[in-house]
Each structure stands twice: as structure tokens, then as C-alpha cells.
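Here are some notes on the structure, set out as numbered points for reading beside the model. They begin with the aromatic residues and then widen to other places in the chain.

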Amino acid sequence: MDGTETETETKTNGDRPWQSYHTVYTTAKAGMDGVDKEKVQRIVYEMSKGSKYFQNEERKEAFIKQKIDNMQIQCAKLTQADLSHFQKVADRRILELEASRDLSRFWLHVDMDAFYAAVETLSNPTLKGKPMAVGSMSMISTANYEARKFGVRSAMPGFIARKLCPELVFVPVDFKKYTYYSDLTRKVFRRYDPNFMAASLDEAYLDITEVCKERNVKSEEIAQELRASVHEETGLTCSAGVAPNHLLAKVCSDINKPNGQYVLPNDRMAVMTFISSLPIRKIGGIGKVTEHILKEILGINTCEQMLEKGSHLCALFSQSTADFFYSVGLGLGKTHNPQVRFRKSISSERTFSATEDEVLLYKRLAELAEMLSTDMHKEGLCGRTLTLKLKTASFEVRTRAATLQKYISSSEDILKHASKLLKAELPISVRLIGLRVSQFNGDKCGVTSDPTQKTITNFITSGDANRTCSSFPDVTDHDFVSDTETDLSIDSRQTCQHDSRDPLDGIHSLDVDYQGCTVRKNDSAEEVQTSGNNTTSSNYSGFTEILGSTSSFQGQFEGINVSNGSNLLEDERLNSSCQEKTMLWLNGYRCSLCGIEMPPSFIEERSEHSDFHLAEKLQKQESRIHQTSVPSQSRDQMDRITRQSKSKKQKVSQKEGGYKPIDYFFAKE
């Protein structure tokens, strides 16, 4: 019977190959309930076949399949005793999570309806009632509800959308206009929660608990009033969801779209009933890859089944991942006040048609730098770590980061350092560029860092102008991660809450190495000399990653030659004098340094995690350099230090021939 079914399925898939081709385009959004999904899937398949995107999707599918096969083997090895043990662990953890349930707050998630498209329709009433998309033939940012009836959605190439809907009208993106209307909506939000948390230009989380108490009204009435106020202020509609926490509120806001609302009572029984039949894909944080893995391996389709398969989740996933799944099964989410949250990073990115035109790429970079600087000034932020994100024509995602000696916020400074990071990658065909600034200096600009804190940059750039650091292993200020994204970035600006760290500054002609180079400080020119090589170059080039894998979805990591031709990766460790372990995503999921597991779809989280290990690596390197810096100093420096030491000793009374440890000088007399 099973063999017959498999044979039939294979034959069917052979006749209809698009049925096994699943992309982000076929995922239903609000307004797409009545769409012929098979028709959309077939057109997407036929229009994508043979393209770079199609090839990338095939590689990702092969990677996911291998991941699933490995986990199925691991699952098959679990004995009854193992499952019994993991069930006890899971039950205990579920009880602990249940004890943390908070039903005292009312959280409201507000989401503007087809925001970009609605703003354009408001500006041009002739578009009303017509299928319309904001974007171009290369990429769509937003589609109105008339277009969604044909299967057109955000993150879809315009040429595919036009095939689905020949009458589709395209309107170019205008972020100044969207930002203006976004600011108007936020003025309304502040009336109900001054500390509301903006998730993007068109959505936000509000804690309306205090407003409900002060006015002695129900949360449903506040949601209705807020939606009416937004429409009165902007002429736009929005949808809202009210629930005990963030996770549920976001799900609720999508139920009665557009221009509707849904309220989930603050009652445990109501929450558990609501979550029992909820598809796992409705939960933020569970994307296409995670959904596929959970369905294929454990048969999990609904949130309630997360608890039923608790033992297997505990056995197959890390504790943090399993805790997330248990929380989903219990309907738990964040309930803290966003007032206590601190932004960790701020970013902007833009998608466009793939191009190798360097002039156009630098122009895009300048636009992003200006946008990012504007956002930073609005919030009074200055940061040290600058990260450049690139998505190539073949959909490979790269990130390059540098940490500066001073905090920056101006568009000129951002563009200056971002241009250097981009220059290292040229020539390259790119379809997306993004910039992120992180590692902020306290709360606001003007807060100085500890002047006594030493950094590896201070050491490299101190001393004689021509002094080199060839005795130390390569330390790069632009290590990077390249993850396999599971979706397409849309043409939009983004602000996020993730952290990342990395290093570099350009005061006059002073600069730090971008690829493990020796740096010379010169008043008239800047020279970058690669370690182990006497030749100098005014240009620097990026090298294949130390912290991740761009070349293989199966977790195969290849060695790369850097200047002296040495292999940086061998048996998953650095071939350097320090013999430090390299951070790799083993099997594409597991961190080789700490064991934490993150799906490839967690792009920002993985970047943050890699940056954390990079910062840790630099700190260790810095400590080692301070310990070994004295032997590497030049003869004249040693003589100078000796003379200074003798002059100091003359002021301190010592016993003849006696040795005094450093503790002596701090002892009380």
C-alpha cells in the first residue's frame, strides 16, 4: 500500500513538478484566502525555472532535506528509555513556563492595512478599486487587496505578478511619503501608550492596560477607538488584535483584516482553546524551514501538538529552541513593558534589480547611509559597529562588519566606512544592499567611553609609524557570516532590535585592517600591508568567511587562501599560532563554539550571535597582545622604558639586592 502511494505520488510530482516547489510566494497572506494556490504555484514555478533564484531554492531544498534526514535518523535512534527521560525533562520545563504565565496585561498589536499601497491610493484616488502594487517589475513591496485576489503579494518579482494579474498597476516606492504617514499614526499610538514599541513603519505593540483602568473601559473599546483615531488622523485603515501578550496579539490582528479587530480574553482556558487549532506557521518566528522540519519529522501542524511532542522536541533541539516551542504550545509570549527595552541596532536595506554597476551600487549605498543617519538622529543614537549586508545575484547573503574607534551617526561617516567594506567585495553583482549600526554608546550621543579601556586597535596603531605586528596571528576587523535566507527581502527600510559587534575608524589617514592586515599610520598616505607579506596595497579584498559558510548549504566548509596562501579552515579550527576555534554553523544550524542551534531563516539572530563570538575573540586577542607586547617592542623603545624605570626606582627606597614584587607598592605601611 505504501509503495503504491509513493509510486503514485512520484508520478504525480513528475507530471506536476510545481507541486513540490514551495516558496514564500505561495504562503497565504490576508486577502488571499480564495486564491487558487495550485495555479499560483505553477506560474511561479514556470516563471522561476532556470533562474538564479530557482537554483538557490533547489540548493536550500537539498539542504533542508539533508537536515531532515539527519534528524529522522537521530529520532529513530531514541529508545523508549530515552523518550521517557526527555518527557520528564519536558514536563518539568512546561510546568516552569506555565508558572510564568501573566494574564494581567492587555497588549494591542496594530497593523496598517496594505500600508504602502493604501498611502499611494490616498495620494491618487484613481487607483481605488484597481489591482495595484508598490514596486517594480523586479520586486514588489506591497500589493493592495484587489491584487491579492490574484495571488499577488509582497516580496514577489513584478514580472511574476504581472503574469498572475495582467491588469496590475505598478507604482514606484516613495519612502518619504510612507514615513510621513507613519509618523502620523505614531502620534495616535502615543495617546494610548507613550512607550509603545514600533515593529516597523506600519505596525506597533501597545500596552493599553493602564488606559483601560483609568477610563474603566474594555480593551475592545480602546482598540475600536484607536482604529477610528488613526483613520481620522490619516485617512488610512488599520487592523488590531488584543491579547495577554505580544505573540498572541500579533496573531489576533491578522484574523479580521482588513479594517477589523479581534480580542482574545485574558483567560487561560480561552488562550489554550485559541492556540489548540492554530497552524504553527501563524506564529512569528516559525518560517517555511522550521514549519517543514516540524511537519516532516514529528508531524506537528498545530501549536497544541508542540506539547504532545514535548519529549521529541527536547531530544532533537537545544533547550532554548525547545523552550520556544513549549511557549508556543502554551500560548505564552512577551509581556514586559517596552520602556525597559534598549535598542541594540538600527538598520536600512534596499532591494533592486541585480547589477554590477559600481556607480549605481555606491549611489544606493549613499542613499542608505542618508536614511540610516536620519533614523539615528531621530533617536539620538551613535554607534561604533557598522555592518554591510549584500545579497548577490545568485541569492548568496554576505555580511561584512567593522568596529570603529569613535562613535558615528552622520551620513558622511557611515558612507565613508561602508564604502570601504563594499570596495573589498567588488567586482560583484548585487540585488540587495543593507546597512546596520550597532554597539551604541550608552543611551545618547555625547556619552564618552572609558578612556583607560585598551583595545586591539589602540595597540596596532600605537608606537612607531612603521611598526608591524607580524608576530601576532591575523585579527580581522571584518569577519562575517553568510546565511542561507529562506525568504526575499523586500524594498523597505528596517529597524530591528538585534545586537552586533565589530571594529575600525578613520581619523585622518589612520585605519584598521579589514582583512587581517598590518596597518601603517602615515600623515600623507594610508598603506595596508598584509601579514606575512612585505608588499603593500592601497586596496584590500574580502576573503571567504571565518564565521560562517557561504559556499555550501550542506555545512561543508572550504579553506581560503589569504595573501600568503595559508588555509584558514582545517578540521574546523584556525591554522594560526593561537589555535583558536572558529565559529562555524555545523550542518547549517549548530554553532561550533557554544552548541546553540539557529535555523538559517534567523538571519539577524545568527548575525548577532556571530558578532558576539567575534567580539569575544577580539577581547581574547587583545589580552594576549598586552601580555606579549613587551618582547615585540623595538630596541629604542626598550631603552626608553628602562630609563624611565630607573628614574622611578630612584624615588623608592629599596633594600640592597632585594627583589620587591608589585604587591609591595600597594601594601599599607
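1. A search through the whole structure, which is a predicted model, finds 10 aromatic pairs. One of them is formed by Tyr116 and Tyr178, whose rings are stacked, with 4.3 Å from centre to centre and 10 degrees between the planes. Tyr116 belongs to helix 5 (residues 115-123) and Tyr178 to helix 8 (residues 175-192), so this pair ties together parts of the chain that are 62 residues apart in sequence. Tyr116 and Tyr178 are both buried.

2. A second pair, that of Phe324 and Phe325, is described by ring centres 5.8 Å apart and planes at 50 degrees, and because stacked pairs need planes under 30 degrees apart and edge-to-face pairs over 60, this one counts as tilted. Its two members differ in exposure class: Phe324 is partly exposed, with a relative accessible area of 29%, whereas Phe325 is buried, at 3%.

3. Which residues make up the aromatic cluster that includes Tyr116 and Tyr178? Besides these two tyrosines, the cluster holds Phe115 and Phe175.

4. Helix 5 deserves a point of its own. Its buried residues are Phe115, Tyr116, Ala117, Val119, Glu120 and Thr121, so that the list includes a glutamate and a threonine beside the aromatic residues. The elements that cover these buried residues include strand 1 (107-112), strand 2 (132-135), strand 3 (140-143) and strand 4 (169-171), together with helix 8, the helix in which Tyr178 lies.

5. Leu122 is also found in helix 5, but this leucine is partly exposed, with a relative accessible area of 34%. When its neighbours within four places in sequence are left aside, Leu122 is in contact with Tyr181, Thr234, Gly235 and Leu236. For Leu236, which is 114 residues away along the chain, the C-alpha atom is separated from that of Leu122 by 7.8 Å.

6. Is Thr209, which has its place in helix 9 (residues 209-215), buried or exposed? Thr209 is buried, with a relative accessible area of 1%. A polar atom of the Thr209 side chain lies 2.8 Å from the backbone nitrogen of Phe106. Apart from neighbours within four places in sequence, the residues in contact with Thr209 are Ser104, Arg105 and Phe106, so a reader checking this site should look at Phe106 for both the contact and the 2.8 Å distance.

7. On the surface, Met47, Met137 and Phe159 form a nonpolar patch, and together they have about 250 Å² of accessible area. Met47 lies in helix 2 (residues 37-48) and is partly exposed, with a relative accessible area of 31%.

8. Some totals place these details in the whole protein. The chain has 669 residues, of which 50% count as buried, and the protein contains 21 helices and 21 strands. About 32,300 Å² is exposed, and carbon and sulfur atoms supply 49% of that area. Among contacts between residues at least 6 apart in sequence, 69% join residues at least 24 apart; the contact of Leu122 with Leu236, two residues that are 114 apart along the chain, is one example of such a pairing.

Conventions
Residues are numbered from 1 along each chain as its sequence is written. This is a predicted model: local features need pLDDT of at least 70, side-chain atom pairs count only at pLDDT 80 or more; totals for chains, interfaces and linings use all residues. Side-chain values use heavy atoms; hydrogens and water are left out. Buried means under 20% relative accessible area, exposed over 50%, partly exposed in between (1.4 Å probe, protein chains only). A polar contact is a pair of N or O atoms within 3.5 Å; within protein, one must be able to donate a hydrogen and the other to accept it, and residues adjacent in sequence count only if both atoms are side-chain atoms. Contact means heavy atoms within 4.5 Å. Helices (H or I, at least four residues) and strands (E, at least two) are DSSP runs, numbered from the N terminus. Accessible areas come from the Shrake-Rupley method with a 1.4 Å probe; for residues, only the protein chains shown count as cover. Patches are made of residues with over 30% relative accessible area and no salt bridge: like charges are joined within 9 Å, nonpolar side chains (Val, Leu, Ile, Met, Phe, Trp, Tyr) within 5 Å. A salt bridge is a side-chain nitrogen of Lys or Arg within 4 Å of a carboxyl oxygen of Asp or Glu. Rings of Phe, Tyr and Trp (its six-membered ring) pair if their centres lie within 6.5 Å; planes under 30 degrees apart count as stacked, over 60 as edge-to-face and the rest as tilted.
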